Amino acid sequence: MPSDRFSLLLVEPYFVLRSTVTSVARGLDLGDIHAAPSHEAAAQMLMARPFDAFVISVGEDGGGLKLINTLRGGATRSRGDAPVVVTADFCDERAVVAFKQLQVRRVLLKPFKVKDVVETITALAQRERQAVAG
């Protein structure tokens, strides 16, 4: 049964960051916040249930971009146009082009604060609630 609550998938390999963001977002009741430690785990979660938005660590191996491509291609249970925010170690011209093509809404460059991620999730949840209400 689908939930009316905002649901977000956070894909972050670093345990402390992943657990802190998830804990704070849940504590603020921003919605159903799910976390995956790897792109592979996230891909399995995408096949199992839909999500309204995503915060994805792109990583150096290209796994994050592949995951976003899968989402945009409509091969998951989530909307292909669902909002995506990425976290990245760097952002060169090539990355900017790739992010634009994949309709990435925001790029958070490391190092960033947990507060930055939580504020981003808050904004995504508010936009989703406004879209559903209006």
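Q: Accessible areas come from the Shrake-Rupley method with a 1.4 Å probe, and for residues only the protein chains shown count as cover; about how much area does the protein expose?
A: This is a predicted model, in which local features need pLDDT of at least 70 and side-chain atom pairs count only at pLDDT 80 or more, while totals for chains, interfaces and linings use all residues. Residues are numbered from 1 along each chain as its sequence is written, and side-chain values use heavy atoms, with hydrogens and water left out. Carbon and sulfur atoms supply 54% of the exposed area, which comes to about 7600 Å².

Q: Which pattern does the protein follow along the sequence?
A: Helices (H or I, at least four residues) and strands (E, at least two) are DSSP runs numbered from the N terminus. The protein has five helices and five strands, and, read along the sequence, they follow the pattern β-α-β-α-β-α-β-α-β-α.

Q: What is the radius of gyration of the protein?
A: The radius is taken over C-alpha atoms, and the globule rule is 2.2 Å times the number of residues to the power 0.38. For 134 residues that rule gives 14 Å, and the protein is close to this value, so it is as compact as a globular protein of that length, with a radius of gyration of 14 Å.

Q: Why do the buried residues of helix H4 lie on the same side of H4, and what arc do they cover?
A: Buried means under 20% relative accessible area, exposed over 50% and partly exposed in between (1.4 Å probe, protein chains only), and in H4 (residues 93-101) the buried ones are Ala95, Ala98 and Phe99. The arc is that of the directions from the helix axis to the C-beta atoms. These residues are on the same side of H4 because they cover an arc around the axis of only 100°.

Q: Which residues of helix H2 are exposed?
A: In H2 (residues 39-48), His39, Ala42 and Leu46 are buried. They cover an arc of only 55° around the axis, which puts them on the same side of H2. On the other side of H2, the exposed residues are Glu40, Gln44 and Ala48.

Q: Which residues is Ser7 in contact with, leaving aside its neighbours within four places in sequence?
A: Ser7 lies in strand S1 and is buried, with a relative accessible area of 3%. Contact means heavy atoms within 4.5 Å, and, once those neighbours are left aside, the residues in contact with Ser7 are Asp32, Arg49, Pro50, Phe51, Asp52 and Ala53.

Notes
Areas by Shrake-Rupley, 256 points an atom, 1.4 Å probe, with all protein chains shown as cover.
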